[in-house]
Amino acid sequence: MAGWQGRVLRIDLTRKKAVVQQLDAAVARAFIGGRGLAIKILWDELPPGVDPLSPHNKLVFAAGPLTGLPGPNFGKLVVAAKSPLTGGYGDGNIGSWTAVNLRKAGYDALVVEGKAEKPVYIYIENDKVEILDARDYWGLNAWAVEEKLQKVHGRDAAVITIGPAGENLVRFATVISHKGRSGGRPGMGAVMGSKNLKAVVVKGKGEVPIADKAGYQKLAVEAVREGSASPSYGFWMRQGTTSTVEWAQEASVLPTYNFSEGQFEEFFKIGGNMVEKFETDLKSCPLCFMACGHWVPAESGTVEVDYENLAMLGSNLGIADLSKVGELNKIADTMGMDTISLGNVLGYVMEASERGFGDRLGFVVEWGDYEAAKQLAYDIAYRRGVGDLLAEGVKRISERIGGEDFAIHVKGLEVSAYDCHAAPAMALAYATSPIGAHHKDAWVISWEVRTDRFGYTREKASKVIELQRIRGGWFETFVGCRFPWVEVGLFLDWYPKLFKAATGLDATPDYFNEVGDRIYALIRAFWVRELGYWDRELDTPPAKWFKEPLSKGPLRGAHLDYDKYHELLSHYYDLRGWDERGIPRRSTLKRLGLEYVAPVLERYVELRD
C-alpha cells in the first residue's frame, strides 16, 4: 500500500510486550488514518462502558498517509482514547516530530494499552521497541522531561510527554511536545498518566512509500510556493492566530468574563499587535512553511502563545497583561494542561465568586486576580486542596456546587474561545463537535459574521457539515494542518492531488466527505454506546448563551433563541441522515458501510429507519 506503511505497533504495558499488526487495506481505504483509524480501533476493541482511566482503555497515536511527507504542513499526529473528561470519544491533533519519526520508523499508528507497574517511557527506533524505566522523570514538568530524554537519546529523538497534570489524572491534561505544542483536550494526558506512561520517544530513519515520488515532490513544491505567495502570508508570519483577538473584539465574539460578553475593553493589551511588538522568537511544527508559534516574554522566561490561550487566559478572566497571560499559558504547558479548559475553570471560579458561591468553594477570587489564578493553576495540576475539585472540569464542579447555568461546556468539554450569544452556526458547531465543544472541526464563525448573522437557517446547518467534513474527514485523516487552507487560502484541490501521488488512489472531494461522514457516524455511535443513551440536549450549547444576553457593545441584548436553535439542530440531523434524537438512522449506517454498528446500538436505543 503506497502512502501507508501498513503496520500498527501495539504495546501492552501490563504484559510488557510489543507486537506489530498489519493494517487492513480495506480499513485504510474506508477510514484513511488519524482520527478515522483511531475511532475504528476504539470502537472495535474497547469493552463497552470501560473506565477511561483503567488499564483497559487504549491510547492511540495515529498518523495518516500524508504524515511525514514534504508539502503544506504534514507534521501532525492524532492522539485519541475514551475521554476521562466527557466519557465519550476524545482526541487531539498535535504537531510534533513524533509524527514524522513514527512514520519513518515504519508505523502508521501506535496503540498503547494496559498499565505499567511503575513509571515507564516507550522508546522506538525503527524495529527496536523498548519499555524503559521513567522513575527519574516522574514528577518533572513536560519541558524538563523533553530536554532530559533528548540528552539521553539525541537531539533527533522526538518526544511526546506528560507533565504533573497527566500524572495526577487532571481530566483536561494534555500531551506535550516541542515545549509549546499541546494536544488532546479531552484528557489524553490523563489517560497516558493512568498507564504510568511518562513519555513516548521515537527515532525513525526509513522512508515513507510513495506511489509517484517525482510527481508528489513536484506538487508539494508548487503547493508550498502558492501558499507562500498568498497576500495574507506576510501578516500571518508576523502575528499568526494572535491577530484573532482584534478580529473577535470587532465581531463581538471575544470571550470575556466567563463568556458573559463578546468584547473586552483592554483587548489591545493582549492582541496580535502587542504580540508582534514584543515577540522574541518564531517556531513551527515540522514540515511547516507558515510558522504559528509566536514566543513572547512571560514572568519566568518566554512562552509560545496563540489566540485560544490569549483569549481564555486573558479576556475571559479579565487579565489585560501579555506577560501575565503568557505565564499562565506557560504553567499550563509545563504542567501539561489544556489552556482552554484551564481558562474556563478559572473563569467559572471567578464568576461563582461574584455570584456568592464563595462559601461553597471555600474562597473568593475576583475578576483579573492574576496571583490567585496562577496559584490555582498549580493547585489543579497537583490536585492540591480545592485544585482536586477544579481538576475535574467545569461540568463536574458545577454538578458538585451548583451554578450549572454559567458552566460553559458541551458534553463536559469546555468551550474554546468564541462567544456565541450572537453566532447560532458556531454554537451548533460547538454542540455537534465529535469531541465536545471545540472549534477545530468547524470554524464556521468566520463565515457566519459575514452573512445572516442572526439566522437559524438550513444553509447554516449545511455550512457546519461542509466544514466538519473538510476538517474532520480531510485534515484529521491524511493527517495535516488546516492553516494553509484557512489562513493563506491554499486551494483544497491540492490535497486530492497530493493524496493520489502519495497513495496511487483517486481521491475526489466526495471520497473524503464520505469518509468524514463515516467517521462522524461511528463517533456518534461510540458516544451512544459509552453513555448508554442519547438525547438531543447533549447537542445543546451552554445555557448562558440562551438566558443571559450580552449587556455591552454593539450587539447588546443579543442571545440565542432556544426554540430556533433546536430547529437549526433538526436541520443538521436531517442533512446528516440522523434521527430527531441525533442518532444515525439504520439506512445511514448501511449507506456508510457501518452495518456492524447497528446491532450494538440496539442494545441501548431503538434505531429508526
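This is a conversation between a trainee and a mentor about a predicted model.

Trainee: Where do the domains of this protein lie along the chain?

Mentor: The domain assignment gives domain 1 as 7–203, domain 2 as 237–407 and domain 3 as 424–476 + 508–602. The centres of domain 1 and domain 3, taken over C-alpha atoms, are 28 Å apart. On the domain 1 side 31 residues take part in the contact, and on the domain 3 side 27 residues.

Trainee: How do you know how much area is buried between domain 1 and domain 3?

Mentor: Buried area is the accessible area that two parts lose on being put together, summed over both. For domain 1 and domain 3 that comes to about 2300 Å², and carbon and sulfur atoms give 63% of it. Arg35, Trp43 and Tyr89 supply 36% of what domain 1 buries against domain 3, more than any other three residues.

Trainee: What makes the pair Arg35 and Asp441 a salt bridge?

Mentor: The rule asks for a side-chain nitrogen of Lys or Arg within 4 Å of a carboxyl oxygen of Asp or Glu. Arg35 and Asp441 meet through their side chains at 2.7 Å, N to O, so the pair satisfies that cut-off. Between domain 1 and domain 3 the count is three salt bridges, and the interface also has 12 residue pairs in polar contact, both residues being at pLDDT 80 or more.

Trainee: Which elements of domain 1 supply at least two residues of the side that touches domain 3?

Mentor: They are α1 (25–31), α2 (34–45), β4 (76–82) and β5 (89–95). The largest share comes from α2, with eight residues. Sorted by class, this side of domain 1 has 14 nonpolar, 10 polar and seven charged residues.

Trainee: Why is helix α18 called largely enclosed?

Mentor: Buried means under 20% relative accessible area. Nine of the nine residues of α18 (residues 424–432) are buried, so the helix is largely enclosed by the rest of the structure. Among them are Pro424, Met426, Leu428 and Tyr430. The buried residues of α18 pack against several elements, including β16 (409–410), α20 (458–475), α23 (509–531) and α25 (562–576).

Trainee: What makes Glu476 and Lys440 a link between parts apart in sequence?

Mentor: Start with the bond: the closest N and O atoms of Glu476 and Lys440 are 3.4 Å apart, and the pair forms a salt bridge. Glu476 lies in the loop between α20 and α21 (483–488), while Lys440 lies in the loop between α18 and α19, so the pair ties together parts that are 36 residues apart in sequence. Both Glu476 and Lys440 are buried.

Trainee: How do you know that Arg469 is partly exposed while Asp517 is buried?

Mentor: Look at the bands: under 20% is buried, over 50% is exposed, and partly exposed is in between. Arg469 has 25% relative accessibility, so it counts as partly exposed. Asp517 has 11%, so it is buried. These two residues form a salt bridge, with their closest N and O atoms 2.9 Å apart. Arg469 sits in helix α20 and Asp517 in helix α23, 48 residues apart.

Trainee: Which residues do salt bridges that share partners join into one network?

Mentor: Arg35, Asp91, Lys440, Asp441 and Glu476 are joined that way. The structure holds 51 salt bridges.

Trainee: Why is Asn101 called buried?

Mentor: Its relative accessibility is 7%, so Asn101 counts as buried. Asn101 is found in helix α3 (residues 97–104), and its side chain reaches the backbone oxygen of Val202 at 2.9 Å. Leaving aside neighbours within four places in sequence, the contacts of Asn101 include Asp156, Ala158 and Lys203.

Trainee: What makes the phi of His178 worth a look?

Mentor: Most residues other than glycine have a negative phi. His178 is not a glycine, yet its phi is positive, near 60°. His178 is in the loop between β10 (175–177) and β11 (181–183), and at 22% relative accessibility it counts as partly exposed. Tyr257, again not a glycine, has a positive phi of about 55°. Tyr257 is in the loop between α9 (244–251) and α10 (272–278), and with 25% relative accessible area it is partly exposed.

How values were computed:
Residues numbered from 1 in each chain as written. Predicted model: local features only at pLDDT ≥ 70, side-chain atom pairs only at ≥ 80, totals over all residues. Heavy atoms only, no water. Domains from an automatic or database assignment. Contact = heavy atoms within 4.5 Å. Buried area = accessible area lost by both parts, 1.4 Å probe. Polar contact = N/O pair within 3.5 Å; in protein donor to acceptor, adjacent residues only side chain to side chain. Helix = DSSP H or I, 4+ residues; strand = E, 2+ residues; numbered from the N terminus. Nonpolar A, V, L, I, M, F, W, Y, C, P; charged D, E, K, R; others polar. Buried < 20%, exposed > 50% of the residue type's maximum accessible area, 1.4 Å probe, protein only.
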